[in-house]
Amino acid sequence: LSQVPDLSGRELEDGRAQAESEGYVLLESGRLAWEDVEEGRIVYQIPPPSFYLPRGDTVRVVVSRGPARVRLPRIEGLPPEAASSILRGLGLEETPPRQEFSNLHPQGVVAGTVPPAGTLHEPRTPVTLVLSRGGSFL
């Protein structure tokens, strides 16, 4: 029996090389979004570090996919309070709103966002609501 090495925080291939050099087989058991661990790094292992395991046995690891990303939804036409609630629920940070003329949306509702709907973002990304000033007169 030998103690299992601590593979946490290592790049997957570095962890595999270390496990193999100490006589273990490394098997990736899956990937999870992880806020504070870069993509491709080991975040969890079974058995845990310092556990005694016969050489030749398997060490299973979970690898980080990096921070969770969210797709900014279409919130046009919503009242600002509802849109703000959705942004908070997604973990995005709202910046002070701006206003623009819109022939599509009544005054005071959300006419768009910056960045635009449909884009992927990490948590705490700043989002600006663009509120309608009503139709423009040309």
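# Exercises on a predicted model

Arg-41 and Glu-11 are joined by a salt bridge in which the closest N and O atoms lie 3.5 Å apart. The structure is a predicted model, and the exercises below start from this pair.

## Exercise 1. The Arg-41 salt bridge

Determine which parts of the chain the pair Arg-41 and Glu-11 links, and how exposed each residue is.

*Solution.*

1. Locate the partners. Arg-41 belongs to the loop between β2 and β3, and Glu-11 to the loop between β1 (2-3) and α1. The two residues are 30 apart in the sequence, so the pair links distant parts of the chain.
2. Classify the exposure. Buried means under 20% relative accessible area and exposed means over 50%. Arg-41 is therefore partly exposed, at 23%, and Glu-11 is partly exposed too, at 31%.
3. Look for further partners. Glu-11, Glu-38 and Arg-41 form a network of salt bridges.

## Exercise 2. Two further salt bridges

State the N to O distance and the exposure of the partners for the pairs Glu-76 with Arg-74 and Arg-98 with Glu-100.

*Solution.*

1. In the pair of Glu-76 and Arg-74, the closest N and O atoms are 3.8 Å apart. Glu-76 is partly exposed at 26%, whereas Arg-74 is exposed at 65%.
2. The side chains of Arg-98 and Glu-100 meet at 2.9 Å, N to O. Arg-98 has a relative accessibility of 39% and is partly exposed; Glu-100, at 35%, is partly exposed as well.
3. These pairs belong to a count of seven salt bridges.

## Exercise 3. The two sides of helix α1

Identify the buried residues of α1, explain why they lie on the same side, and name what covers them.

*Solution.*

1. Helix α1 spans residues 12-21, and its buried residues are Leu-12, Gly-15, Gln-18 and Ala-19.
2. These residues cover an arc of only 125 degrees around the axis, and therefore lie on the same side of α1. The general rule is that an α-helix has 3.6 residues a turn, so residues three or four places apart point the same way.
3. The other side of α1 carries the exposed residues Glu-13 and Ser-21.
4. The cover over the buried residues includes β2 (25-32), β3 (42-46) and β5 (58-64).
5. After the helix comes Gly-23, with a positive phi near 90 degrees.

## Exercise 4. The sheet against α1

Describe the order and pairing of the three-stranded open sheet, and relate the sheet to α1.

*Solution.*

1. The strand order is β2-β5-β3, and the pairing is mixed.
2. β2 and β3 are the edge strands; each has a single partner strand, so one side of each is without a neighbour in the sheet.
3. From one strand to the next, the twist averages 25 degrees.
4. β3 and β5 are antiparallel, paired over four bridges, and Ile-42 stands opposite Val-63 in β5.
5. α1 packs on the sheet, where it touches β2, β3 and β5, and its direction makes about 155 degrees with that of β2.

## Exercise 5. Helix α2

Find which residues of α2 are buried and which exposed residues lie on the face turned away from them.

*Solution.*

1. Within α2 (residues 80-89), the buried residues are Ala-83, Ser-84 and Leu-87.
2. Their arc around the axis is only 100 degrees, which puts them on the same side of α2.
3. The face turned away from the buried side has Glu-81, Arg-88 and Gly-89 as exposed residues.
4. Elements covering the buried residues include β7, β8 (110-114) and β10 (126-132).
5. Gly-91 follows α2, and its phi is positive, near 80 degrees.

Technical notes. Residues are numbered from 1 along each chain as its sequence is written. This is a predicted model: local features need pLDDT of at least 70, side-chain atom pairs count only at pLDDT 80 or more; totals for chains, interfaces and linings use all residues. Side-chain values use heavy atoms; hydrogens and water are left out. Buried means under 20% relative accessible area, exposed over 50%, partly exposed in between (1.4 Å probe, protein chains only). The arc is that of the directions from the helix axis to the C-beta atoms. Contact means heavy atoms within 4.5 Å. Two strands pair if DSSP finds at least two bridges between them. Axes are lines fitted to C-alpha atoms, for helices over the stretch in contact, and angles run from 0 to 180 degrees between N-to-C directions. A salt bridge is a side-chain nitrogen of Lys or Arg within 4 Å of a carboxyl oxygen of Asp or Glu.
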